Amino acid sequence: MIRTLHKMGLRSSMMYTAGLASIGLAATSWFLSRDDAAAGQGRADHWGLFVGEWAPTFFAMGVALRVEEMRDMERRETAEWQETRQQAMRTPSRAGV
């Protein structure tokens, strides 16, 4: 699933940003809804906790995407190294042999 998300263009930095945004949204929603006397303090607490639980999920997905980004970079570097090595083996030497 993570590899598919990575191929779709989702990056770890996007998930980290979403995690931080969800923390801010949880605090903001709690502060705004706690003053609503009709709904009560319980609703504010539940809403803040609901939104606040998204942050760990976003951060965990960010870490998983970062691992996938590192693997992708390693695969590209390995392929480039092998290509360079094969090209070096194909070029004739100038030793006159």
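These legends go with a set of close-up views of a predicted model.

**Figure 1. The whole chain, before we zoom in.**
Welcome to the overview of this predicted model. The protein chain holds four helices and zero strands, so a walk along the sequence gives the pattern α-α-α-α. The chain has 97 residues, and 19% of them count as buried. Its accessible surface adds up to about 7,500 Å², with 62% of that belonging to carbon and sulfur atoms. Now look at which parts of the sequence meet: among contacts with a separation of 6 or more, 75% are between residues 24 or more positions apart.

**Figure 2. How confident the predictor is along the chain.**
Averaged over the protein chain, the pLDDT is 83, and 82% of the residues score at least 70. Which helix has the lowest confidence, and which the highest? Helix α3, residues 41-52, is lowest with a mean of 73, while α1 is highest at 90. A friendly reminder for reading any such picture: predicted coordinates should not be read in detail where pLDDT is low.

**Figure 3. His 6 and its surroundings.**
This close-up is centred on His 6, a residue of helix α1, which spans residues 2-7. Is His 6 buried or exposed? Its relative accessibility is 8%, and because the cut-off for buried is under 20%, His 6 counts as buried. The side chain of His 6 makes a polar contact with the side chain of Arg 11, at 2.8 Å. Setting aside neighbours within four places in sequence, His 6 is in contact with Arg 11, Leu 65, Glu 68, Glu 69 and Asp 72.

**Figure 4. Lys 7, the next residue along.**
Lys 7 is also found in helix α1. With 68% relative accessibility, Lys 7 counts as exposed, whereas His 6 is buried at 8%. How far apart are Lys 7 and Glu 68 in sequence and in space? They are separated by 61 residues in sequence and by 9.8 Å in space, taken from C-alpha to C-alpha.

**Figure 5. Ser 12 in helix α2.**
Here the view moves to helix α2, residues 12-34, where Ser 12 is found. Ser 12 counts as buried, with a relative accessibility of 6%. Which residues does Ser 12 touch, once those up to four places away in sequence are left out? The list is Gly 62, Leu 65, Arg 66 and Glu 69. Leu 65 and Glu 69 may look familiar, as they are also among the contacts of His 6.

**Figure 6. A salt bridge between Arg 66 and Glu 69.**
In general, side chains of opposite charge can pair when their charged atoms come close. The model has five salt bridges by the rule used here. One of them joins the side chains of Arg 66 and Glu 69, with 3.3 Å from N to O. Both residues belong to helix α4, residues 54-90, and because they are three residues apart, about one helical turn separates them. Arg 66 is partly exposed, with a relative accessible area of 37%, while Glu 69 is buried at 12%.

**Figure 7. A network of linked salt bridges.**
Two more pairs can be followed here. The side chains of Glu 68 and Arg 75 meet in a salt bridge at 3.5 Å, N to O. Glu 68 is buried, with a relative accessible area of 5%, and Arg 75 is partly exposed at 41%. The side chains of Arg 76 and Asp 72 also form a salt bridge, at 3.2 Å from N to O. Arg 76 and Asp 72 sit four residues apart in helix α4, about one turn of the helix. Both are partly exposed: Arg 76 has a relative accessible area of 47%, and Asp 72 has 22%. Through salt bridges that share partners, Arg 3, Glu 68, Asp 72, Arg 75 and Arg 76 are joined into one network.

**Figure 8. A nonpolar patch on the surface.**
Our last stop is a surface patch. Which residues form this nonpolar patch? They are Leu 25, Trp 47, Phe 50 and Trp 54, which together have about 410 Å² of accessible area. Trp 54 lies in helix α4 and counts as partly exposed, with 33% relative accessibility.

Definitions and conventions:
Residues are numbered from 1 along each chain as its sequence is written. This is a predicted model: local features need pLDDT of at least 70, side-chain atom pairs count only at pLDDT 80 or more; totals for chains, interfaces and linings use all residues. Side-chain values use heavy atoms; hydrogens and water are left out. A salt bridge is a side-chain nitrogen of Lys or Arg within 4 Å of a carboxyl oxygen of Asp or Glu. Helices (H or I, at least four residues) and strands (E, at least two) are DSSP runs, numbered from the N terminus. Buried means under 20% relative accessible area, exposed over 50%, partly exposed in between (1.4 Å probe, protein chains only). Contact means heavy atoms within 4.5 Å. Accessible areas come from the Shrake-Rupley method with a 1.4 Å probe; for residues, only the protein chains shown count as cover. A polar contact is a pair of N or O atoms within 3.5 Å; within protein, one must be able to donate a hydrogen and the other to accept it, and residues adjacent in sequence count only if both atoms are side-chain atoms. Patches are made of residues with over 30% relative accessible area and no salt bridge: like charges are joined within 9 Å, nonpolar side chains (Val, Leu, Ile, Met, Phe, Trp, Tyr) within 5 Å. pLDDT is the predictor's confidence in each residue, from 0 to 100.
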